[in-house]
Amino acid sequence: MSLIGYALRQAKEYYDNDTYDHAIRVAINVADNPLIPDKLMDLSISLAIMHDLLEDTSYEEYNTIPREIERSLKLITKTKNEKYKEYIKEIAFYKEENPEVYWVKIADIKDHLEQTKTLTEELKNKYLEALPYLL
């Protein structure tokens, strides 16, 4: 089974239409990133598609998460008790070890900032304050 195929099937099953569209836009941003090496592209695209599954849906299939994406999916998932700034700092900390998480988070923030119809001042400030930790 292909990792991207698995990610797409899970996204179709668990996301609502808006979240699915967001995940696909993030995946496209990742696919367009020339800094991501070919050997990490499938993992990065799959993670982009799945990046909101654990945080925003009822997806709890820890035993079925493919081994090659499990750590990345856990790193990109903000826990309920975690402060956003600390979460972003952790992603930055693991940038060398798990660069796919870093690239997907950058693409995720980019997509949120581009959605001007739904972007509130509060969300805009949240994402803009996170960027210096990642860049």
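A residue is called buried when its relative accessible area is under 20% and exposed when that area is over 50%, with partly exposed residues lying in between. In the predicted model described here, Asp111 has a relative accessible area of 1%, and because this value is under 20%, Asp111 counts as buried. The side chain of Asp111 nevertheless has a charged partner, for it meets the side chain of Arg25 in a salt bridge, with a distance of 2.6 Å from N to O. This pair joins distant parts of the chain, since Arg25 belongs to helix α2 and Asp111 to helix α7, with their positions 86 residues apart in the sequence. Arg25 itself, at 30% relative accessibility, is partly exposed, whereas Asp111 is buried.

The salt bridge between Arg25 and Asp111 is one of 6 that a search of the whole structure finds. Two further examples involve residues of helix α5. In one of them, the side chains of Glu70 and Lys74 meet at 3.2 Å, N to O. Glu70 and Lys74 are 4 residues apart in helix α5, which means that about one helical turn separates them. In general, an α-helix has 3.6 residues a turn, so residues three or four places apart point the same way. Both partners count as partly exposed, Glu70 with a relative accessibility of 23% and Lys74 with one of 43%. In the other example, the side chains of Glu97 and Arg71 form a salt bridge at 3.0 Å, N to O. Here the link again runs between distant parts of the chain, from Glu97 in the loop between α6 and α7 to Arg71 in helix α5, 26 residues apart. Glu97 is exposed, because its relative accessible area of 53% is over 50%, while Arg71, with a relative accessible area of 38%, is partly exposed.

Helix α5 also has buried residues, namely Ile69, Ser72, Leu73, Leu75 and Ile76. These residues cover an arc of only 160° around the axis, and they therefore lie on the same side of α5. The elements that cover the buried residues of α5 include α1 (3–14), α3 (38–50), α4, α6 (84–93) and α7 (99–114).

The largest nonpolar core of the model holds 41 residues, and the members that touch the most other members are Val30, Met50 and Ile109. Two or more residues of this core are given by each of α1, α2 (17–31), α3, α4, α5, α6, α7 and α8 (121–134). The largest share, 8 residues, is that of α3. When residues up to four places away in sequence are not counted, Met50 touches Tyr6, Ala7, Tyr15, Tyr59, Ile69 and Leu73. Of these contacts of Met50, Ile69 and Leu73 are among the buried residues of α5.

Two buried isoleucines, Ile91 and Ile36, may be described in turn. Ile91 lies in helix α6 and has a relative accessible area of 3%, so that it counts as buried. Apart from its neighbours within four places in sequence, Ile91 is in contact with Leu75, Val101, Tyr102, Lys105 and Leu134. Ile91 and Trp103 are 12 residues apart in sequence, and their C-alpha atoms are 9.7 Å apart in space. Ile36, by contrast, is found in the loop between α2 and α3, and it too is buried, with a relative accessible area of 4%. Setting aside residues up to four places away in sequence, Ile36 touches Val30, Met41, Ser44 and Trp103; of these, Val30 is also one of the core members that touch the most others. The C-alpha atoms of Ile36 and Lys85, which are 49 residues apart along the chain, are separated by 25 Å.

A further loop residue, Thr57, is located between α4 (53–56) and α5 (67–76). The side chain of Thr57 reaches the backbone oxygen of Leu53 at 2.5 Å, and a polar atom of this side chain also lies 3.0 Å from the backbone nitrogen of Tyr59. With residues up to four places away in sequence not counted, Thr57 touches Tyr14, Tyr15 and Asp52. Tyr15 and Tyr59 both appear among the residues that Met50 touches.

Note on methods:
Residues are numbered from 1 along each chain as its sequence is written. This is a predicted model: local features need pLDDT of at least 70, side-chain atom pairs count only at pLDDT 80 or more; totals for chains, interfaces and linings use all residues. Side-chain values use heavy atoms; hydrogens and water are left out. A polar contact is a pair of N or O atoms within 3.5 Å; within protein, one must be able to donate a hydrogen and the other to accept it, and residues adjacent in sequence count only if both atoms are side-chain atoms. Contact means heavy atoms within 4.5 Å. Buried means under 20% relative accessible area, exposed over 50%, partly exposed in between (1.4 Å probe, protein chains only). The arc is that of the directions from the helix axis to the C-beta atoms. A nonpolar core is a set of buried Ala, Val, Leu, Ile, Met, Phe, Trp, Tyr and Cys residues joined through side-chain atoms within 4.5 Å. A salt bridge is a side-chain nitrogen of Lys or Arg within 4 Å of a carboxyl oxygen of Asp or Glu.
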